[in-house]
Amino acid sequence: MKVWIPHQAGLNLMGELPPDVTVEVFEHADRLPSEVADVRVWVPPFLGGTDATALLRELPDLSVVQLLSAGADAWAGRTPPGVTLCDARGVHDPSTAEWVVTAILAQLRAFPAFVRAQAERRWANEGNTPTDELTGKRVLIIGAGSIGTAVRNRLAAFDVSFTLVARTARPEQGVHAVEELPRLLPEADVVVVLVPLTDQTRGLIDKGFLAAMPDGALLVNAARGPVAHTEALVAELGTGRISAALDVTDPEPLPADSPLWAMPNVLLTPHVAGGVRGLLPRAYRLVGDQVRRFAAGQPLINTVVDGY
């Protein structure tokens with residue numbers, strides 16, 4: 001059987017594989033590494049997008065699509081019958097959690113203002129201090145999966161209080177249902193959004209969501225851009241009432257004429273929360289594990305059901 005992967009480095013990161021497994025590097029969409037027959041496992045490019053799904057129709061023996069992304073929104077519902085879709089749950093936990101903590105601290109401690117002042121060679125103590133602080137904040141994490149848990153674990157050292165929200169309530173774990181957000185949002189100082197993009201979460205951050213956040217609150221979006229309604233986001237942030245740290249936008253890349261670029265209460269990064277040096281080693285450990293499971297006829301992990 002053949003396995004197609006998108007990175008040359010992955011060849012040395014998957015660990016020992018069964019002798020009947022051939023791994024080929026498929027980096028360029030216009031140049032197949034070999035004949036399509038007997039490709040049983042395909043690892044598409046990271047954030048390959050909807051264009052990459054077109055190849056699904058060309059692989060007659062395909063059994064498994066193993067994504068390198070935690071989100072499966074571009075693939076869910078597009079795989080042919082008999083093809084199992086798996087995401088990279090767990091791979092991005094440490095990097096995304098680090099980004100969330102960094103973004104929260106940067107915004108609360110006014111680092112963007114100090115960076116702008118540094119570029120102007122200006123000692124900007126006056127007017128920027130005292131800054132806010134993370135200690136004692138009420139943090140609402142929307143998306144209580146593995147990344148949400150990783151965020152909570154890292155923020156626990158800052159003496160904050162937590163409220164977790166998921167698609168459905170898990171009372172035994174203290175997790176609330178998304179339907180409770182109208183009641184929970186007014187009580188949060190920091191709102192971290194980590195949900196996958198599905199029909200249910202698209203536009204979750206809308207005018208009502210933002211209006212329910214208290215004055216001075218911080219919104220952190222490390223999910224997907226379309227989880228937020230862009231016009232509502234621009235309108236609410238434009239008042240200066242709340243602030244935001246955004247790793248994702250809708251559309252991406254963010255157009256140069258978007259008002260978000262110039263807002264002093266907005267920290268923007270270009271979808272880089274998962275872009276760390278440890279990504280490929282973690283990702284291909286998962287890929288190798290999945291290939292060994294598949295070759296041995298064992299159940300796969302991280303299978304995507306209903307977009308999750």
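Two residues are said to be in contact, or to pack together, when heavy atoms of one lie within 4.5 Å of heavy atoms of the other. Keep that idea in mind as we walk through this predicted model.

Let's start with helix 4, which spans residues 146-155. Its buried residues are Ile147, Gly148, Ala150, Val151 and Leu155. Why do these residues line one face of the helix? Looking down the axis of helix 4, you would find its buried residues within an arc of 160°, so they share one face. A general rule helps here: an α-helix has 3.6 residues a turn, so residues three or four places apart point the same way. And what do the buried residues of helix 4 pack against? Their partners are helix 2 (93-108), strand 6 and strand 7.

Next, visit the largest nonpolar core, a group of 32 residues. Ile142, Val191, Val193, Phe209 and Leu219 are the members that touch the most others. Several elements give two or more residues to this core, among them strand 6 (138-142), strand 9 (190-193) and helix 7 (230-238). Zoom in on Val191: leaving aside residues up to four places away in sequence, its contacts include Leu140, Ile142, Phe209 and Leu219. A second core, separate from this one, has 29 residues, including Trp99, Ala103, Ala166 and Val175.

Finally, find Thr168 in the loop between strand 7 (161-166) and strand 8 (175-177). Not counting residues up to four places away in sequence, Thr168 touches Val175, His176 and Ala177. Thr168 and Val178 are ten residues apart along the chain, and 6.8 Å separates their C-alpha atoms.

Conventions:
Residues numbered from 1 in each chain as written. Predicted model: local features only at pLDDT ≥ 70, side-chain atom pairs only at ≥ 80, totals over all residues. Heavy atoms only, no water. Core = buried A, V, L, I, M, F, W, Y, C linked by side-chain atoms within 4.5 Å. Buried < 20%, exposed > 50% of the residue type's maximum accessible area, 1.4 Å probe, protein only. Helix = DSSP H or I, 4+ residues; strand = E, 2+ residues; numbered from the N terminus. Arc of directions from axis to C-beta.
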